[in-house]
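Biologist: Could you take one part of this model and walk me through it slowly? I'd like a close look at the charged side chains, and then whatever else helps me find my way around.

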Amino acid sequence: MPALDRFGPAQLWRALVVGVVIIACVGYAVLTKPFLRRGESWADAASEGVVNAFEALGPTFVKLGQLMASSSGVFPAPLANACLRCLDDVPPVSAQKAREVIAGDLGGPVDRIFASFDDVPLAAASVAQVHACVLPDGREAVIKVQRPGIYHRMLVDLRTAYGGAKLLERLFEFFRIANATAIIRDLHAATMTELNSAVEADRQTRFRDAIWAFGDNTGVTAPEVYWDYCGPHVICMERLHGVPLDRFVPDEDHDTTMLIRRGVKAWIESITLHGPFHGDVHAGNLWALDDGRIAFLDFGIVGELPEVWRSILRDMFYANLIDGDFARVARGIRDLGYTADLEAGDAEIGMQVAAVLAPVFSNDLAELNLGALIMALVQLGKQWGVASPEELVLFGKQLGYFERYATRLAPGWVIGKDPYLFRNVFPEAVAERAAAQGVTLPDD
């Protein structure tokens, strides 16, 4: 993976451009405030200017806007709301350029490879765009095509952002505590992986295969990858029909709480049992399908925890759901060496973990304050002598996405107290608990 801390002439020039564009867009938005929507605040106007700047600066900054939009509890509300625009389609590259990328990867003209190909993309994102096509055997498919030259451009931008984050950490305490450079490092690692189409396609296949490992989760899916039509810059896969979860309109024919429960159940199993888990479950990547299923899409960002961290997460869920013994969690944390120098015993460390995670596991997910959760995790990490427990922060980020869906589609649902979610994680304990409570768990 290319180094992130190299800062040459290209990065210096880009840093100057970034500063000028952001200042210009924010200044224009604020100065023209009297001509904007009635009731709009100065913060709203400035936030709209920031998003205008992100769109002008290109893919890397659009991706940063997506992060802000999906972490509404972390960033100021006006900025997070304005950044919702970054989750929508961005201007696509021309059909001719997309065809050239496909032809270069698959070794022939698009019209000879596919039975049909739609030049108008179904969606365009910061890194790639998606076109509908039909395979020679008649199967409906979509092909994800990287933007030409995206690798170099994003690498320059990420190096620029890393330099800016280091400066902000020196100047402001907030950015140092928030570990701004670590956020850019994570974005760099995720982006470099996302630009490797073979890795993305493999992780999508592994995630899809694991969904049905226990013979259930029939209401959950991910697109099948068509490997014969994949290349270094393109991924071809099954076409699914539905709408992004935030655009789904509930009706009497759909149990929306069950829809969310199914999706979260499959996601929890992936993170605690299987390995690869979807690391970017914003609404554009989580769809309600026309046939009633829920689908995970776009595996550009996928996490995979080491077994020791999977074990710790399982212990956290087990303690909260079954026996309340968070000391078991502390023993796992000690195995990582995080608390080796602390005088606190397992019971005390376990209580620290329980206090931080109680708002997540024991309350309505719609009441989750993601910003408070992540800051609490950072403070816990400082107590343990580490910069931050990054694996738990990643877990918390994804809960922030599910919080948005639960607010609208599953009010009153408590994630940590739902035995259905853990039926395959703790089969015997959950069966005993359900029997004792006289609860019948869904079969699918």
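Modeller: Here is a walk through the salt bridges, followed by the cysteines, a helix residue and a surface patch. Keep in mind that this is a predicted model, so everything below is computed from its atoms.

Let's start with the charges. The count comes to 15 salt bridges, and a good one to zoom in on is Asp 216 with Lys 265, where the closest N and O atoms are 3.0 Å apart. Asp 216 sits in the loop between α10 (197-211) and β5 (220-221), while Lys 265 belongs to helix α11 (residues 256-274), so this pair ties together parts that are 49 residues apart in sequence. If you were expecting these two out on the surface, have a look at the accessibility. Asp 216 is buried, with a relative accessible area of 5%, and Lys 265 is buried too, with a value of 0%.

Asp 216 has another partner. Its side chain also meets that of Arg 423 in a salt bridge, at 2.6 Å from N to O. Arg 423 is in the loop between α16 (390-409) and α17 (427-437), so here the pair ties together parts that are 207 residues apart in sequence. Arg 423 counts as buried because its relative accessibility is 17%, and the cut-off for buried is under 20%.

For another salt bridge, go to Arg 314 and Glu 307, with their closest N and O atoms 2.5 Å apart. Arg 314 counts as buried at 18% relative accessibility, whereas Glu 307 is partly exposed, with a relative accessible area of 41%. Back at Asp 216, salt bridges that share partners join Asp 216, Lys 265, Glu 269 and Arg 423 into one network. That's the group I'd put on screen together.

Now the cysteines. A disulfide needs two cysteine sulfur atoms within 2.5 Å, and by this rule the count is zero. Cys 133 is in no disulfide, and its nearest cysteine sulfur, in Cys 236, is 4.4 Å away. Cys 133 counts as buried, at 3% relative accessibility. For Cys 230, the closest cysteine sulfur is also that of Cys 236, but at 6.3 Å it is too far for a bond. Cys 230 is buried as well, with a relative accessible area of 17%.

Next, a quick stop at Met 316. This residue lies in helix α12 (residues 307-323) and counts as buried, at 0% relative accessibility. Its C-alpha atom is 8.5 Å from that of Val 353, although the two residues are 37 apart along the chain.

Finally, let's head out to the surface. Leu 167, Leu 171 and Phe 172 form a nonpolar patch there, and together they have about 310 Å² of accessible area. Leu 167 is placed in helix α7 (residues 150-171). With 46% relative accessibility, Leu 167 counts as partly exposed.

Technical notes
Residues numbered from 1 in each chain as written. Predicted model: local features only at pLDDT ≥ 70, side-chain atom pairs only at ≥ 80, totals over all residues. Heavy atoms only, no water. Patch = residues over 30% accessible without salt bridge, like charges linked within 9 Å, V, L, I, M, F, W, Y side chains within 5 Å. Areas by Shrake-Rupley, 256 points an atom, 1.4 Å probe, with all protein chains shown as cover. Salt bridge = Lys/Arg side-chain N within 4 Å of Asp/Glu carboxyl O. Helix = DSSP H or I, 4+ residues; strand = E, 2+ residues; numbered from the N terminus. Buried < 20%, exposed > 50% of the residue type's maximum accessible area, 1.4 Å probe, protein only.
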